[in-house]
Amino acid sequence: MTRILLLGGTTEASRMARALAEAGLPAVFSYAGRTEAPVAQPIPTRVGGFGGPEGLAEYIRSEAITHVIDATHPFAAQMSRNAITACAVSHTPLLALERPAWVAQPGDSWTHVPDMAGAVAALPDTPARVFLAIGKQNLTAFAVKPQHHYLLRLVDPPEGALPLPDAQAVIARGPFSPEGDEALLRAHAITHIVAKNAGGAGAEAKLIAARALHLPVILIDRPALPPRETVASVDKALAWIAHHRPPAERGV
């Protein structure tokens with residue numbers, strides 16, 4: 001019997017969960033546990049890690065998982081690598097539901113960098129006001145440039161002091177609007193933006209606002225992953241599941 005493990009945490013994952021529920025397909029939604037109040041899902045949910053690729057492979061076996069859909073954030077590279085390895089050793093079909101990366105439009109002023117260290121190096125040496133739209137996991141990398149004022153936007157309030165000497169956090173959950181982000185950038189007199197190339201409409205507002213305000217954006221490229229089957233829509237993911245279901249379930 002088909003049973004799907006949906007590795008989630010993104011808007012696309014929530015859409016996939018709704019589609020699975022509507023289709024009556026048995027599934028489990030897995031959150032990494034980095035957000036205090038994750039979005040409620042219409043299918044059973046688990047929270048927390050698996051214990052590396054070995055732990056994930058064991059979970060797949062013990063829970064009789066027949067399909068894995070990786071709809072994690074494009075920068076959750078370790079989880080995606082673990083899924084690739086675990087599905088290979090357990091002989092479980094794996095699909096990535098991945099939003100397309102952003103592509104520069106006329107009027108954009110983007111500097112592409114390969115990683116967080118590259119983003120730090122791309123910031124100017126003279127004091128600037130930086131919108132650091134990268135979440136909370138990599139803030140310490142920017143401590144080597146304490147001359148800047150950093151504006152952070154986080155889903156949950158920070159626990160303890162921020163690792164940057166001159167920083168302010170705005171607590172908010174997307175999706176955001178271009179108008180709202182333009183107002184935010186103006187209110188804080190932002191001069192530079194650092195962001196991950198996460199793709200998707202929900203987080204694109206800051207880039208549209210930067211274009212309108214002629215602000216430079218330092219855009220961190222996605223981490224490289226081993227080859228895997230990938231789709232960009234829930235409908236294509238459902239078609240993939242139908243193709244990989246046992247013949248008896250497909251009416252063959």
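## Aromatic pairs

This is a predicted model, and by the ring-pairing rule its count comes to 3 aromatic pairs. One of them joins F29 and Y31: the ring centres are 4.7 Å apart and the planes meet at 50°, so this pair is tilted. That label follows because an angle under 30 degrees would count as stacked and one over 60 as edge-to-face. Both F29 and Y31 are buried.

Another pair is F142 with Y150, and here the arrangement is edge-to-face, with 6.1 Å from centre to centre and 65° between the planes. How buried are these two residues? F142 has a relative accessible area of 0%, so it counts as buried. Y150 is buried too, with a relative accessible area of 0%.

## A charge over two rings

R46 is worth a look if you have the side chains switched on. Its charged end sits over the ring of F50, at 3.9 Å from the centre of that ring. The charged end of R46 also sits over the ring of Y59, this time 5.2 Å from the ring centre.

## Q41 and its loop

Back to the tilted pair, by way of a glutamine. Q41 is in the loop that runs between β2 (27-31) and β3 (45-47). Is Q41 buried or exposed? Its relative accessible area is 14%, and because the cut-off for buried is under 20%, Q41 counts as buried.

Which residues does Q41 touch, once neighbours within four places in sequence are set aside? The contacts are S14, A17, F29 and Y31, so Q41 meets both rings of the tilted pair. With Y31 there is also a side-chain to side-chain polar contact of 2.8 Å.

## Q147 and its loop

A second loop glutamine, Q147, is found between β7 (129-133) and β8 (149-154). At a relative accessible area of 30%, Q147 is partly exposed.

Apart from neighbours within four places in sequence, Q147 is in contact with P124, D125, T126 and P127. D125 is the one to zoom in on. The side chain of Q147 reaches the backbone oxygen of D125 at 2.8 Å. Along the chain Q147 and D125 are 22 residues apart, yet 7.9 Å separates their C-alpha atoms.

## Helix α3

Helix α3 covers residues 77-90, which makes 14 residues. Why does its length check out? At 1.5 Å a residue the helix should span 20 Å, and its end C-alpha atoms are 20 Å apart, so the two values agree. Just after α3, H91 takes a positive phi of about 55°.

Which residues of α3 are buried? They are A77, S80, N82, A83, I84, A86, C87 and S90. As for what covers them, the list includes the strands β1 (4-7), β4 (67-70) and β5 (94-97), along with helix α2 (52-62).

## The open sheet

Strands β1, β4 and β5, which help cover α3, also belong to an open sheet. The sheet has 6 strands in the order β3-β2-β1-β4-β5-β12, and the pairing is parallel. Which strands sit at the edges? β3 and β12 (230-231) do, each pairing on one side only.

For a closer look at one pairing, take β4 and β5. These strands pair in the parallel sense over 3 bridges. I69 has L95 of β5 as its bridge partner.

Technical notes. Residues are numbered from 1 along each chain as its sequence is written. This is a predicted model: local features need pLDDT of at least 70, side-chain atom pairs count only at pLDDT 80 or more; totals for chains, interfaces and linings use all residues. Side-chain values use heavy atoms; hydrogens and water are left out. Helices (H or I, at least four residues) and strands (E, at least two) are DSSP runs, numbered from the N terminus. Buried means under 20% relative accessible area, exposed over 50%, partly exposed in between (1.4 Å probe, protein chains only). A polar contact is a pair of N or O atoms within 3.5 Å; within protein, one must be able to donate a hydrogen and the other to accept it, and residues adjacent in sequence count only if both atoms are side-chain atoms. Contact means heavy atoms within 4.5 Å. Rings of Phe, Tyr and Trp (its six-membered ring) pair if their centres lie within 6.5 Å; planes under 30 degrees apart count as stacked, over 60 as edge-to-face and the rest as tilted. A charge sits over a ring if NZ of Lys or CZ of Arg is within 6 Å of the ring centre and within 35 degrees of the ring normal. The expected span of a helix is 1.5 Å times one less than its number of residues. Two strands pair if DSSP finds at least two bridges between them.
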